[in-house]
Amino acid sequence: MQTYTTQMDAARKGIVTPEMEIVAKKEYRTTEEIRQWVAEGKVAIPANKHHKCLNPEGVGSMLRTKINVNLGVSRDCKDYNIEMQKVMSAVNMGAEAIMDLSSHGNTQPFRQKLTHECPVMIGTVPVYDSVIHYQRDLAELTAQDFIDVVRLHAEDGVDFVTLHCGITRKTIEQIRKHKRKMNIVSRGGSLVFAWMSMTGNENPFYEHFDEICEICAEHDVTISLGDACRPGCLADATDVCQIEELVRLGELTKRAWAHNVQVMVEGPGHVPLNQVAANMEVQKSICMGAPFYVLGPLVTDIAPGYDHITAAIGGAVAAASGAAFLCYVTPAEHLALPNVEDVKQGIVASKIAAHAADIAKGIPHARDIDDKMGDARRVLDWDAQFACALDPETAKAIRDARLPEDDHSDTCSMCGKFCAVRSMNKALAGEYIDIL
């Protein structure tokens, strides 16, 4: 019989859960290290009790950097079959989490399908679902309505929920006073801001935070403290609104931990490259080392169509500086709902950033696959190279489309017999090196 409510509760009682054992094995860490970090809140293992098919992962700066894939239907793109294709692509490509950000139709069957069939962490943003679930406009919803949707998502088995708890009525005046260039670009944050503006009431996720924590403790749902005031352009980065919200998120982190509820803290956003590392350090200090979950960050504002690259640059620096969780960005960011190919491109870019950061941080065995690739390239073993690749299909397709001639088939079509690897192998073996 279980003698604990959440992973954090177990860790604090000295209990090593099955989920901790799995994470320890994946991360080449001892179970005691994982238990201690979970107890301290430095590692989260989002694992709802109802998500029976979950293959658990740990999220923390001392572990492998994890990536999240956002998907879900909208009013203009509402084919759930296509969303499931994106889900399968994400899982097959090694994403550790999927967030269902659906904002149209009956969302519950899709959400339940994810938590019944998908082995990766599932996250949601309940405030999106509130208008859809009740089929009432924003101003007609009550604080209790929002809380009840959090409970519904917890019962449906989601492993973490993004809650925009740090934005309060004081933020309304701040936004008006400081005149940000992009105001609020967080969809959930803007909905809470709009609800407070129309009703005159305080943010229900802030005002009823302890009740929400009780719900999350019952089902072991991790709270991802949403960054309603994340910068939406470089001009707004690291400003008063962003930092004051982060201070409030630090306070809420302590309150959640008092309920034995695991926490992740969400962060920017659009940030100049020279400010990325500093943002990570500030968060670690204010939020006591709670795992930091960043969107990108995007290091320039002028690359629509290529923002997966913009985000990968910022994400690599962020993760190397302490971010634990990267939310992918696709080429469609700022432009449209991503299609299946956009999702793939976003995942690859984010995986590259995460892996590069893990090598820089010295995460145990992070570089093993790179060393295998070096060995394969030295002996011109193409199949072994494909096996080491993040995206073997694309690598193989490029080579197959431009194969070299038969008399130098071990090289590629760029260098041919001028191949440095081929020449060195022959020279070191004392063989004649033919070039023409």
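**Exercise 1.** Which residue forms a salt bridge with R151, and how far apart are the closest N and O atoms?

Solution. The model is predicted.
- Step 1: the partner of R151 is D148, with the closest N and O atoms 2.9 Å apart.
- Step 2: a salt bridge requires the nitrogen to lie within 4 Å of a carboxyl oxygen, and the pair R151 and D148 has its closest N and O atoms at 2.9 Å.
- Step 3: both residues belong to helix 7 (residues 143-156), where they are three residues apart, about one turn of the helix.
- Step 4: R151 has a relative accessible area of 26% and is partly exposed; D148, at 28% relative accessibility, is also partly exposed.

**Exercise 2.** Place the salt bridge of K113 and E117 in its helix, and classify K113 by accessibility.

Solution.
- Step 1: the side chains of K113 and E117 meet at 3.1 Å, N to O.
- Step 2: the two residues lie in helix 5 (residues 108-117); because they are four residues apart there, about one helical turn separates them.
- Step 3: K113 has 32% relative accessibility and counts as partly exposed.

**Exercise 3.** Of E431 and K426, which is buried and which is partly exposed?

Solution.
- Step 1: the side chains of E431 and K426 form a salt bridge at 3.5 Å, N to O.
- Step 2: buried means under 20% relative accessible area. K426 is at 19% relative accessibility, so K426 counts as buried.
- Step 3: E431, at 43% relative accessibility, counts as partly exposed.

**Exercise 4.** How many salt bridges does a search of the whole structure find, and which residues are linked in a network?

Solution.
- Step 1: the search finds 30 salt bridges.
- Step 2: salt bridges link K26, E27, E57, R64, K66, E96 and K351 in a network.

Key: Residues numbered from 1 in each chain as written. Predicted model: local features only at pLDDT ≥ 70, side-chain atom pairs only at ≥ 80, totals over all residues. Heavy atoms only, no water. Buried < 20%, exposed > 50% of the residue type's maximum accessible area, 1.4 Å probe, protein only.
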